[in-house]
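Please open the structure in your viewer and keep the selection tool at hand. The tour below proceeds one selection at a time.

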Amino acid sequence: MIDNKKYIVVLVDGMADEPIAELNNLTPVMAANTPVIDKICSLSVTGQANTIPEGFHPGSEIANMNILGYHPKDFFQGRGVIEAASLGIKTEPNDLVLRCNLVSIENEILVNHSAGHITTDEATQIIDFLNFNLGSERIKFYTGKSYRHILVIKGGSSSLVCTPPHDHPGKIAKNLLPVSSNPNGNATAELLNELIKKSIELLKNHPVNIERKNKGKSKADSIWPWSPGYYMQYPTFWERWGIKSGGVISAVDLIHGLGKMAGLESVFVEGATGLWNTNYEGKAIAALETLKKHPFVFIHIEAMDEAGHDGDFMLKKRVIEDIDQRLLKLLWDGLNSAGYNFSLMLLPDHPTPCKLRTHTSDPVPVLLYNKKIIPDTVNEFNEISVKNGSLGTINGPDLLSLLFKE
């Protein structure tokens with residue numbers, strides 16, 4: 001690796017989709033106006049990537065871990081563990097760590113996974129309230145961002161089947177509650193169900209929920225613990241790839257947690273929300289600043305995934321256009337102006353089809369640019385066009401091998 005060689009991954013979370021009748025049977029990225037993405041595509045090689053290993057749930061934690069070169073079969077211990085690392089939560093070897101959403105449940109139906117995208121300030125009041133009423137020496141809630149939080153149970157068992165709430169909007173909530181996968185998990189499953197039941201009673205008349213209801217917003221009706229596991233040590237990015245350092249830019253604790261566990265710097269951008277109103281320009285500027293001191297940067301944009309979970313295909317199309325004009329244009333121009341010898345990879349972690357409102361395991365489009373590459377004939381970046389690309393189909397853990405190849 002030479003000194004001015006830079007490596008960039010732009011992870012457009014959940015961008016891949018299925019044809020939508022209201023978009024003339026195009027996917028959102030096909031319908032979007034994306035001149036910058038298509039320009040980069042015309043200078044790149046393209047293909048498809050299998051980011052979800054066989055037998056694994058198509059979660060962002062699995063896909064992003066796989067893309068970063070940490071195969072989930074060797075390293076995955078639960079999404080809660082990863083996000084706890086991002087928040088700097090110290091745990092003991094027997095501490096069970098779970099992701100803990102605030103969700104909306106109306107008439108026994110799981111309405112959404114995000115309590116209507118509750119703000120972090122509102123969520124902090126609720127998590128503090130739950131700690132006061134439900135916390136103990138054994139049970140502790142930790143505030144994350146928006147609806148994404150952490151629950152730690154000392155001595156808890158991971159022998160559980162827990163349902164990710166974003167996978168089942170509109171379903172009957174009681175049919176999705178945690179159950180044990182073997183007798184070792186019985187007591188922990190019972191505890192989790194009791195915590196959920198008590199949280200519903202406690203939150204009915206919480207001031208935050210009363211105010212949100214008066215404003216016509218979804219409420220934080222319940223906690224929803226899922227993805228249990230125990231902390232484990234990862235090999236560093238240097239040990240894994242021989243890349244001396246790097247930075248991670250995201251609004252999502254999950255991505256920062258993966259970065260921290262790999263020894264990468266967390267770079268936080270003011271105004272980065274994980275939604276349609278995120279600070280796209282700030283992420284591009286932060287990436288260029290990060291590359292002044294690190295050879296590698298991982299830029300994660302969440303907005304398309306959330307639009308997909310909401311089933312809002314017009315919003316998804318719009319945020320793809322915002323990424324093109326407000327993030328990628330600045331980044332591309334800045335990389336070229338700096339005179340870097342750089343490689344850039346752009347891909348989603350998984351599809352989030354608006355019709356399904358959840359993730360799938362289907363292959364995702366990927367492009368790879370560097371000045372040495374002889375471009376293939378694909379000039380538009382989308383789910384269909386890349387099937388004609390010269391990369392063919394790549395498995396997730398091999399993606400960074402391609403990026404770092406001299």
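Begin with the largest pocket of this predicted model, which holds about 350 Å³ of space. To find its centre, select Ile105, Glu108, Ala173, Ile196 and Ile200, which are the closest to that point among the 19 residues of the lining. Next, colour helix H7 (186–203) and strand E9 (222–229), the elements that each give two or more residues to this lining. H7 provides the largest share, six residues. By class, the lining of the pocket comprises nine nonpolar, three polar and seven charged residues.

Now turn to the cavities. How many cavities of 30 Å³ or more does the structure hold? There are two. The largest cavity has a volume of about 90 Å³. Select Arg79, Tyr147, His166, Glu302 and Asp305, which lie nearest its centre among the 13 lining residues. Strand E3 (95–106) and helix H12 (303–309) each contribute at least two residues to the lining of this cavity, and H12 supplies the largest share, with three. The lining of the largest cavity divides into one nonpolar, six polar and six charged residues.

Keep His166 selected, for His166 also appears in the lining of the second largest cavity. Add Asn112, His113, Pro169, His309, Asp310 and Arg357 to complete that lining. The second largest cavity has a volume of about 30 Å³, and its lining consists of one nonpolar, four polar and two charged residues.

The next stop is a pair of helices. Two packed helices are described by the angle between their axes and the distance between the axes. Select helix H6 (residues 120–134) and helix H8 (residues 207–214): their axes come within 9 Å and cross at roughly 145 degrees. Show the side chains of Glu122, Gln125 and Ile126 in H6, which meet Val208, Asn209 and Arg212 in H8. The residues of this contact are two nonpolar, two polar and two charged.

Proceed to helix H10 (residues 253–261). Why may this helix be called largely enclosed by the rest of the structure? Eight of its nine residues are buried, so H10 is largely surrounded by the remainder of the structure. Here, buried means under 20% relative accessible area. To see the buried residues of H10, select Asp253, Leu254, Ile255, His256, Gly257, Leu258, Gly259 and Met261. After H10 comes Gly263, whose phi is positive, near 80 degrees.

Finally, display the strands of the open sheet. Strands of a sheet pair through backbone hydrogen bonds, either parallel or antiparallel. In this sheet, eight strands follow the order E11-E10-E12-E1-E13-E14-E2-E15, with mixed pairing. Strand E11 (265–267) and strand E15 (392–395) are the edge strands, each pairing on one side only. From one strand to the next, the twist averages 25 degrees.

Within the sheet, select strand E1 (residues 5–12) and strand E13 (residues 341–347), which run parallel and are joined by seven bridges. Which residue in E13 is the bridge partner of Tyr7? The partner is Ser343.

For the last selection, add helix H11 (residues 280–290). H11 lies across strand E10 (246–249), E11 and strand E12 (296–301). Its direction is at about 170 degrees to E12.

Technical notes. Residues numbered from 1 in each chain as written. Predicted model: local features only at pLDDT ≥ 70, side-chain atom pairs only at ≥ 80, totals over all residues. Heavy atoms only, no water. 1 Å grid on protein atoms, 1.4 Å probe; cavity = no way out; pocket = protein on both sides within 12 Å on 5 of 7 lines; lining within 4 Å. Points joined across faces, edges and corners; volume = space filled by probe spheres on them. Helix = DSSP H or I, 4+ residues; strand = E, 2+ residues; numbered from the N terminus. Nonpolar A, V, L, I, M, F, W, Y, C, P; charged D, E, K, R; others polar. Axes fitted to C-alpha atoms, helices over the stretch in contact; angles between N-to-C directions. Contact = heavy atoms within 4.5 Å. Buried < 20%, exposed > 50% of the residue type's maximum accessible area, 1.4 Å probe, protein only. Pairing = 2+ DSSP bridges.
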